[in-house]
Amino acid sequence: QVQLVESGGGLVQAGGSLRLSCAASGRTFSNYAMGWFRQAPGKEREFVARINWSGGSIYYADSVKGRFTISRDNTKNTVYLQMNSLKPEDTAVYYCAAGAGSRRYQSYAYWGQGTQVTVSS
């Protein structure tokens with residue numbers, strides 16, 4: 001089992017920045033790829049970014065490329081999502097996940113409880 005706890009969400013104006021953190025406990029964190037997903041009201045869960053175990057393979061959804069940065073610190077069992085130039089359409093609950101690691105949420109076995117990000121216009 002892997003337990004994941006997100007933090008860092010909040011309310012920010014358009015153009016602002018937030019950094020989300022996801023702290024992991026349980027099984028060896030470095031064994032897993034980590035992903036960030038988001039879900040807005042009335043919409044399906046959407047892939048945001050993913051990083052492999054070493055940080056050497058990263059990819060992003062087109063909608064966030066160039067604005068968001070995913071990183072991880074295996075010594076702290078933590079994955080981060082730095083979000084810059086935020087837009088109102090980035091408003092959603094953001095989830096981190098651990099697993100095999102792809103753009104598909106079905107490839108992740110473990111999920112956090114989510115953290116709300118709200119971007120005002």
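This note goes through a predicted model of one protein chain, from its overall make-up to single residues.

1. Secondary structure. The chain has zero helices and 11 strands. Read along the sequence, the pattern is therefore β repeated from start to end, with strands counted as DSSP runs and numbered from the N terminus. The strand numbers used below, such as β8 and β9, follow that order.

2. Overall size. A compact globule of 121 residues would have a radius of gyration near 14 Å, and the chain has 13 Å, so the two agree. Along the principal axes, the C-alpha atoms fill a box of roughly 40 × 25 × 25 Å.

3. Burial and surface. Of the 121 residues in the chain, 46% are buried. The chain exposes about 6,000 Å², and carbon and sulfur atoms supply 47% of that area.

4. Contacts across the sequence. Take the contacts between residues at least 6 apart in sequence: 56% of them join residues at least 24 apart. Several of the residues below give examples of pairs that are separated in sequence, with the C-alpha distance for each.

5. Charge. There are 13 positive and 7 negative side chains. The centres of these two sets lie 6 Å apart.

6. The core. In soluble globular proteins, nonpolar side chains tend to be buried together. Here the largest nonpolar core has 35 residues. Which residues have the most contacts inside this core? They are L4, W36, L81, M83 and Y94. Strand β9, residues 92–99, gives the core its largest share, five residues.

7. L81, one of the core residues named above. Neighbours within four places in sequence are left aside here. L81 is then in contact with L18, R19 and L20, with W36, with V48 and A49, with F68, T69 and I70, and with Y94. Two of these partners, W36 and Y94, are also in the list of core residues with the most contacts.

8. Y80. This residue lies in strand β8. Is Y80 buried or exposed? Its relative accessibility is 13%, so Y80 counts as buried, the cut-off being under 20%. Leaving out residues up to four places away in sequence, Y80 touches R19, L20, S21, W36, T69, I70, S71 and D73. For one of these, S21, the C-alpha atoms are separated by 4.5 Å although the two residues are 59 apart along the chain.

9. The loop between β7 and β8. Strand β7 covers residues 68–73 and β8 covers 78–83, and N77 lies in the loop between them. T75 lies in this loop too. How do the two stand in exposure? T75 has 72% relative accessibility and so counts as exposed, while N77, at 29%, counts as partly exposed. The C-alpha atoms of T75 and S30 are 8.9 Å apart, with their positions 45 residues apart along the chain.

10. Positive phi angles. Most residues other than glycine have a negative phi. Which values does the model give for N77 and S85? N77 is not a glycine, yet its phi is positive, at about 55 degrees. S85 is not a glycine either, and its phi is about 50 degrees. A reader checking backbone angles may look at both residues, N77 in the loop between β7 and β8 and S85 in the loop between β8 and β9.

11. The loop between β8 and β9. S85 is found in this loop, and so is T91. S85 has a relative accessible area of 41% and is partly exposed. T91 is partly exposed as well, with 22%; the cut-off for buried is under 20%. Beyond residues up to four places away in sequence, T91 touches A40, Q116, V117, T118 and V119. R67 is 24 residues from T91 along the chain, and their C-alpha atoms are separated by 14 Å.

12. G9. This glycine is found in the loop between β1, residues 2–7, and β2, residues 10–13. With a relative accessible area of 33%, G9 is partly exposed. Neighbours within four places aside, G9 is in contact with L18, L20, T115, Q116 and V117. Q116 and V117 are also touched by T91. G9 and Y94 are 85 residues apart in sequence, and their C-alpha atoms are 8.1 Å apart in space.

Key:
Residues numbered from 1 in each chain as written. Predicted model: local features only at pLDDT ≥ 70, side-chain atom pairs only at ≥ 80, totals over all residues. Heavy atoms only, no water. Helix = DSSP H or I, 4+ residues; strand = E, 2+ residues; numbered from the N terminus. Rg over C-alpha atoms; globule rule 2.2 N^0.38 Å. Buried < 20%, exposed > 50% of the residue type's maximum accessible area, 1.4 Å probe, protein only. Contact = heavy atoms within 4.5 Å. Areas by Shrake-Rupley, 256 points an atom, 1.4 Å probe, with all protein chains shown as cover. Lys, Arg positive; Asp, Glu negative; His and termini not counted. Charge placed at Lys NZ, Arg CZ, Asp CG, Glu CD. Core = buried A, V, L, I, M, F, W, Y, C linked by side-chain atoms within 4.5 Å.
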